[in-house]
Structures are given as structure tokens and as C-alpha cells.
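Colleague: Could you walk me through one part of this model up close, and say what your terms mean as you go?

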Amino acid sequence: MNWTREQRDTGFLLAVVTTAVGPHLWRIPLWASALTLVLLAWRGWLAWRERPLPSRWWLLGIAVAAAACAKLTHGVLVGRVSGLTLVCILLALKLLEMHARRDAFVVFFLGFFLVLTQFLHSQSLWVAGWTLFSVWGLLTALVLAQMPLGQPSLRVAAREAARTTALGLPLMVALFLLFPRIGPLWGVPGQSGSTGLSETMSFGDVSTLALDERVALRVRALDGALPPPSQFYLRGPVLTDFDGQEWRPSAVPLIPQDALLLEGGVLRYELLLEPLRMTVLPVLEHSPGQPGETWALDGVTLRRTADLVWMAPRPLGETLRVPAVAVPTSGVRMGPLTEHVSLRAARALPANRNPRLRAWAQDLRAQTSGDLAFVQAVLGHIRQAPFSYTLNPGVYGEFSPHGIDEFWFDRRQGFCEHYASAFVVALRSAGIPARVVTGYQGRDALLQDGWAVVRNSHAHAWAEFWLPGQGWQRADPTAAVAPERVERGLALESPVGLFRGAVDAVNPTLWAAARQLAERLDLRWQQWVLGYKRDQQFQLLERLGFEKPDWNSLGQVVAITLGLGMALGLAWQAVLARRRDTWPRRLERVHAWLTRQGWSVPPHQAPLRWAQQVQHQDAPAPVVQALLALEDWRYGPQAEPPRGWRRRWREARRWRAWWRSLVAKP
């Protein structure tokens, strides 16, 4: 099919814009995604049919309606999600009123801005690759817009865009290494309906748990060895308040100062965290620090809460590299060790909820002696009764407010949150303080470059109960029903999809090998790019010769680097200006020689006109033929642009030979 220049360039620009908009379509409302795609398809149809663009009144009406819908959907027009919605729609609308080159430039820079907004949501390796590809496409379209005549090849424009990008890479790398690191400006939105940590936990709301196998964090021991999978617990939010449906952190921060007593050796380790959707930093149990202490961590000040977790003032929406210390569980006592008012919240239960479990727990308590014996009896019941650990338990409490009763006595199917919730309710019914702890348990069996990989599918919920003189003790009821989940740190695998099933049918190990390769690349990206922080900058300055690097020395290096970059750029432009085309200077030499010989010709004309004029002035025939040959050499059908040093060298030799032949003529 023979496309016109307008059809080809418009189609290419639509493809580039679709690439830039694509990752955002699932983030904006459904109506906005549909409207954006309809507008892009409309513009493509108009270009294909060579129809005129719609009236601006139509576009104005669509823009006003889209703004009104965005206001109704988001409540505001100025915000991250609402702004993204409007930018996607306005970019598609701008394509429908692109009458001049100036309008095309607006489209290009809106596309660049839209590509940049992807980093508000993710900074992973694939996003960086997608960004590079999108920017290359936008630069190619920009180069095409700078070639208004003829029908230049897409290959030539893409090559010029790649060359321009490559020329800017050194400056980009220098700015990455030296630009002052400031606190993060964005976070990552949460995800629902899949495994992963949250600061609340609802019982029975999720009928099917979708396993998320993405990496949540990585752990590496700096001295010693990591705990075995059965003791590999990363402590996250502690949930004490329960309203019968949802668990939340306690609102009573009253804990004595002797809350954490540490004995024995410690384990020094390092965490590499992916962006989280919560304010709690998950660390290996147990981390030193008393309630009220602070921890300055890469621009974020964490505070130790009453529940002995590290709390940030905002969600941890960036990649963090955390050096930390843990104490084995056998060397820890968590207080209070005596009865305290803060334990009231750990005994509270909503009235008139789950009466069967409460009655069952009270009967069992009457048959046992002591709190510890009761806890063992409840765990023994879970082992002996026909409970099952499944990802598809169905919804509990759909037709009654007694969802835990339904789980404990009727269906007996669930995952970790069901067992932890029911276990804590049973202990509280017997008067024993108990609470739910969420975090991660277990890890991948194979290390990646010395790092243990913890996935979102390792998210877990367990329980803690309080004993006089011993403090808080950990109990994991999931281990009673699914010991392989805890002892080996294994999570249940999600059903194999159609694509993965086809890959496994060809090679059962291919999927795992590809995923491991991708995660190794992502680990390098996390360590070398996202993990490049202020400390690494100062270490670089030390290697450059600064004894005590600080912000002033960093600013000096940045200023010197920018100055050198500008000087080199200007020098390179001057060299290119001389090398770009030697034809005008050669014509000046020929014109000067003709003038010295007494032939008068205007300096602005081509060799063909000079040949005609000197012929009328009785110039020798060889001079006229030489000027005609020069014209054909430059503008003839066999003329080729002097790309590459070899062609330029051949052209220079031909020029010298021609010039000698012209000067030697009588």
C-alpha cells in the first residue's frame, strides 16, 4: 500500500502515543481509557481516509465533558490520578487539532511528560526499558517533523534520534552520579485482592487469594547465617483491635520501658526492599529498640511503636537498602512481663459475635490447667480436626455476622489469616491476651548472588499470646494445619495459566530459569541504579580525591562537570559546523580562481550557471567542461552524500584531482 507522507507520519505518531499512553490506561477510570482509545482510533481513521479534522467546537465540548467527568470521579481536578486522566485525554484531543508544526511539538512534549509520569508508579527495570523505547519513538517523530520536504525514510529519522540520544548519554550518566540525592517525591499505590502486606486485615472478605509472585524484598546476612525457613519471620504490622470483621493496630500505646529484653548474640544483615504500600518496615524478628526510639534511614525517620514495629511517617514508596540487626527468638523477651493496662485491648472482643467459638473456648479452658496448656490444646485441635489450607476458601460471614464460627465449625477451609484470626479469638475468649501479627514468613530455597528472595506470596499472618513472667510468645496456627508452609517456608502455588502451561509443556524448567534471570537483572538494577544514594555519592567523591566530601564539594563537582560538558558541546558543534559541508568553501575557491582569470560570475550561482557565463566570455572549452563536471558531481544522479570517513576521503581525493586539472588548464 502506498501511503502519503501525512498518512505515514500520522500513523507512526499514533503508534508512539499509544505506546506512551498504554501503561496508564489501567490506572485511570474505565470511561477515560475508553475515551482515549476512541479518540486515537478516530484520528487514525481520519488520516487513513484523508478526511479533514473535526471542528474545534467539537473538541472543546469533549474536553469540557471530560473535565466534568474527572471532577465527578476524583473529586478534584488537580491531583496525581485526576491529572493523569486529563493528560491522557488532552493528548488524544490534541492529535485531533494538529494543524501546524507547533501543534505537533505540543503533542511531543505532552508525550514526554506522560512517559515521565510512569516513574510516579514504578521505577523498575522494565519501566526504564519502556521509557527508553518510548523516548526513542517520540524523538524519531520529532526528527520527522523537522524534515518538512519530501518523504524522508523512517530509518533515517530513527537513526538520527538514536544518535542524538547517544550523544546525551554521557551528560545523563554524569548527572545521575553527581546530582544531589533528595528525598523521594512519590510513592506506589496499593494493590488489593492479592498477597502482600497491609496495615489492616479483614476476615473472610476475599473468597479467592491471588498469589503475587513478585519480589517483595531481599535479605543478605553480613555475618553468620540467616535463620532457617521455619524461623524466618519478618515482623510487620501488629493488629490488636478487632471489631468482628477487621483487625487494626492498637490505639493504646501504653507499654513499660522494659518492653524488649535481649540476650545472646545478634545477626547483622541487610535488607533490599521493593516499594511498599504501608508505613511499617518489615524486619527480621527481633529488632533491638525500645518504644519511642527513632531510626534515621535514608532520609526517613522511623519510630519504634508500642507494638515493637518500626513506623515511618509516610508509606515507604521507594526502594530502600537497610542495614539491620536481629536477635534470635530464643534470646528475646517481649514485655510487659506483669499485668498491665495495655493488655486490656488484647483481651477485648466485640459483643454478640461468634458465640459458638467463645463457648467452645470457655469449655476447653475449664478442661485445661494454665494458659500455656490451653494454647497447646487449641493447636492440637487444629491438627486433629479436618482443617485444610487452601487459596479458595470462599466468603465467610456473607449471610451472618459470625464468620469465624462458620470457619471453625462448618467449612474449616482457609489460609493464614483465617487461622490466625480464629486462634486469637479463641485465646481471647479464654481470657488470654492475644493479637495478630502480619509480615513475611519463609523465602526461596535458592539464593540469588547471596541474597535470599522473599516474595509477596510469602506474606503471612501469625499470632502472639501473652504469659505472665514471659511476655509475648509467638504461635503460628498455620503450622498446625500446613506444616510445609512454615517449616520449609513454602507458599501454595497459584494455578498455572494458559501461557505458562504452554511454556511448561515445551520445557518444564524454562519458566523458572527465565524468571530467575529477570530477577537477577532486577537485582543489579536495584543495587546499581535505584540503590545509588547519597552515601555512594560521597564515596565517589572520596575516590576523586576529596578528603571529607559534603554538599559543597558535591556542588563544585557538579558545576565543573556541567561547565566541561558545555565547553565540549560547543567545541563539538564548531567542529561539526566545519565538517558538515565543505561545498560552500570549495565554491569560494573556484569563484576566486575564475575572478583572477578575468571571468566575471556572480558568487551565489551554481557551477552550471558559471559554465554558461564563462562560455559567453570566450573561456576555453576545458574550463567549461570542468565546471559542468563539477555540477554533475554535486547534483547528478550518481552523487552520494559523503557519509563515513572512507567516502569523505575518496571525495577529497576526487576534489584535489579535479582542482589540479582545472588550474592546469590554459
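Modeller: Sure, handedness first: a crossing is left-handed if the near helix is turned anticlockwise from the far one by less than a right angle, and right-handed if clockwise. This is a predicted model, so local features need pLDDT of at least 70 and side-chain atom pairs count only at pLDDT 80 or more, while totals for chains, interfaces and linings use all residues. Residues are numbered from 1 along each chain as its sequence is written, and side-chain values use heavy atoms, with hydrogens and water left out.

Let's take the pair α19 (residues 607-616) and α20 (residues 621-635), whose axes come within 8 Å and cross at roughly 165°. Helices here are DSSP runs of H or I, at least four residues, and strands are runs of E, at least two, numbered from the N terminus. Axes are lines fitted to C-alpha atoms, for helices over the stretch in contact, with angles from 0 to 180 degrees between N-to-C directions. α19 and α20 are therefore roughly antiparallel to each other (that label takes angles over 145 degrees; under 35 is roughly parallel, 65 to 115 roughly perpendicular, the rest oblique). Their crossing is left-handed.

Who touches whom? Contact means heavy atoms within 4.5 Å. From α19 come P607, L608, W610, A611, V614 and Q615; α20 brings V624, L627, L628, L630 and E631. By class, that makes 9 nonpolar, 1 polar and 1 charged residues. Nonpolar covers Ala, Val, Leu, Ile, Met, Phe, Trp, Tyr, Cys and Pro; charged covers Asp, Glu, Lys and Arg; the others, Gly among them, are polar.

For a bit of context elsewhere, 4 strands form an open, antiparallel sheet in the order β13-β7-β2-β18, where pairing takes at least two DSSP bridges.
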